[in-house]
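Here's a quick briefing to read alongside the model. Keep the viewer open and follow the chains as you go.

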Number of protein chains: 2
Amino acid sequence: MPQNKQILLDSRPQGEASASNFKLVVAETPPLQEGQVLVRHHYLSLDPYMRGRMNEAKSYAAPQPLGQVMQGATVGEVMESRSPMFQVGDQVVGMGGWQQYSVVDAEPAERFRLDVAEFGRGGAVPGALRKVDTTNVPLSHYLGAVGMPGVTAWYGLVKIIEPKAGETMVVSAATGAVGSAFGALSKARGCRTVGIAGGAEKCKYAVTELGFDACIDYKEHKDAASLSKALKEACPQGINGYFENVGGMVMDAVMLRMNAFGRIALCGMIAGYDGKPVPMSYPQLLLTSRIKLQGFIVSEHMDVWPQALQELSTLVATGKLRPRESVAQGLESAPEAFLGLLKGRNFGKQLVKLI
Amino acid sequence: MPQNKQILLDSRPQGEASASNFKLVVAETPPLQEGQVLVRHHYLSLDPYMRGRMNEAKSYAAPQPLGQVMQGATVGEVMESRSPMFQVGDQVVGMGGWQQYSVVDAEPAERFRLDVAEFGRGGAVPGALRKVDTTNVPLSHYLGAVGMPGVTAWYGLVKIIEPKAGETMVVSAATGAVGSAFGALSKARGCRTVGIAGGAEKCKYAVTELGFDACIDYKEHKDAASLSKALKEACPQGINGYFENVGGMVMDAVMLRMNAFGRIALCGMIAGYDGKPVPMSYPQLLLTSRIKLQGFIVSEHMDVWPQALQELSTLVATGKLRPRESVAQGLESAPEAFLGLLKGRNFGKQLVKLI
């Protein structure tokens, strides 16, 4: 069996996460038991939710255990199989973690859904493995646009915001894995779609490549009032739906422009992940504008995944969603790439290439 | 025609409202035109929403115009009628304003509903007048438990919170007109029902007279952490639904105890009515607890009024809802009674008796 580099959570962050919280080790992969498969990971997904799990405090997910392999989604190839459900050469998506290889209990497809739901509530999901078709969709996209981030965008837009054609939709972190999928899904529904992102390059990309009608660089604005003014120009009819990934000043600015009966899908508040309090400055706007705001975790809504993945894979296959990827090379680069993601240094879906 | 004392909005508040913002005048009531009725007001309703309308800034309702009679709901008796729709002696509820008499264009009942909806969006509603039956419900209750405040509680509970039997519901300003109706409606649905109010006397009344399972005196708690601890004891299963009337520290404390998939009906944020910013301290809880929060204005949901009023009048007629009233005597007392209401000095529905 091959040697297996792994990254463990070595300590919990005090405030900002740092490289010292992680530890690289090398382990042997154990021999396969009956019903198990050996997967070689091609790509590891890095996602903002992982930061929350590094804390001790109970969030919606249980903490990542100390001294164990960092959990995370992976795509890869079956190298060896003692299960009738998988053949050598199958391409698979799973929760392989921050390591080069994983040994997985193969289980029926229905079990995968249970596992992922369990994962959302904090359970470990060693058995989650699903075959994917890479004819029209590159393997790595199953970690992004045609994976959990894409379904996240779909759920917030379709099930919480419920957009009507002609309405105006706004998404923060617009060029990220979730934001770029949100843009394509929103445009497909006939909505004016405005992004918020950090930096001129990202904003240009959002408009020219991702099809956003406009994109605002929040880094050009020192406070919510200034950003809100820019939003007024980009959203002359006001904002009907908002997909929130960041919180803080950006959220305050958008709320100042929400129309009556606006809807906010609350997916992430990356601004507060280091433990600093990030208050909402104008909660009275939720009342005066009669806003519906809903927090959600996509893994608790497994029933929508098949429908969402179908639409997302079609958008990718037809070129209507061309997600960008930031690819770090080698498992050793995962901690720095992850810390960069938390600072918005990534450009599109952040991956680590392991082969 | 009788002389008519009126209270006008004389100036807009800078910060806190004060008695000097109001002005008492005496006017003649004009002679009736064809289709009009003269109403003598028995009671004037004082409601927190009026404070918002005293500001210049556009809120969900248009500002109260300067130099004009303060708008507000009234109950009274028809003294003279030139409309076939009303007889002398009819008891009526309407938007008569802060004055002793009003001359009203009688209009069909359907028009009333439009008018009230229009009022919610800021229009004036001179024509809103509706006959009421005082056989089993005292006239004044049509301004409280069997009026706008009662329907407000009903809408938030039934349409936004959607309680299930056995769940735990919390309401702030629990002994007020809205809160006391909420308590009875929540108990009728088999929920553990916990109030938050200001002062030991109010809390005792909430439990002994209004049927709350527990009531917490927020004045005994200096911060959200302390109040939250008291809520933990009163709500051992956590909180599933919250009806918000006040905002600020009380809201922060409740949010710290909300269960996953909790629902918050946002009705009022009296803590912020003087223009001081009242941030929400822990918006990340909306995400981690997957909370649905929705702001609403009851006058925009006129379709539920008949159903809600029917349940509320039955609760009152059968003694299951025994709303308490604070009654100020004479139109001249309205400004001070209103300022007291904003400080929580009222105990139950605040009325002004005009006869």
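What follows covers the chain contacts, the shared sheet, one helix and the domains.

This is a predicted model, where local features need pLDDT of at least 70 and side-chain atom pairs count only at pLDDT 80 or more, while totals for chains, interfaces and linings use all residues. Residues are numbered from 1 along each chain as its sequence is written, and chains are lettered from A and ligands numbered from 1 in the order in which they are written.

**Where the chains meet**
- 25 residues of chain A are in contact with 25 residues of chain B (contact means C-beta atoms, placed from the backbone, within 7 Å).
- On the chain A side, helix 8 (284-288) and strand 13 (292-295) each supply at least two residues (helices are DSSP runs of H or I with at least four residues, strands runs of E with at least two, numbered from the N terminus).
- That side of chain A splits into 14 nonpolar, nine polar and two charged residues (Ala, Val, Leu, Ile, Met, Phe, Trp, Tyr, Cys and Pro count as nonpolar, Asp, Glu, Lys and Arg as charged, and the others, Gly among them, as polar).

**The shared sheet**
- Strand 13 of chain A pairs with strand 13 of chain B, antiparallel, over three bridges (pairing takes at least two DSSP bridges).
- Lys292(A) sits opposite Gln294(B) in strand 13 of chain B.
- The open sheet has twelve strands with mixed pairing, in the order 10(A)-9(A)-8(A)-11(A)-12(A)-13(A)-13(B)-12(B)-11(B)-8(B)-9(B)-10(B).
- Its edge strands are strand 10 (214-217) of chain A and strand 10 (214-217) of chain B, each pairing on one side only.
- In chain B, strand 8 (168-172) and strand 11 (239-244) pair in parallel over three bridges, and Val170(B) stands opposite Tyr242(B).

**Helix 5 of chain B**
- In helix 5 (200-208) of chain B, Lys202(B), Cys203(B), Tyr205(B) and Ala206(B) are buried (20 or more other C-beta atoms within 10 Å of the residue's own, against 12 or fewer for exposed and partly exposed in between, with C-beta atoms placed from the backbone).
- They cover an arc of only 160 degrees around the axis, so they lie on the same side of helix 5 of chain B (the arc is that of directions from the helix axis to the C-beta atoms).
- On the other side, Ala200(B), Glu201(B) and Thr208(B) are exposed.
- The buried residues of this helix pack against helix 4 (177-188), strand 9 (192-197) and strand 10 of chain B.

**Domains of chain A**
- Chain A divides into domain 1 (3-140 + 324-353) and domain 2 (148-298), with bounds from an automatic or database domain assignment.
- Their centres, taken over C-alpha atoms, are 28 Å apart.

Note on methods. Two residues are in contact if their C-beta atoms, placed from the backbone, lie within 7 Å.
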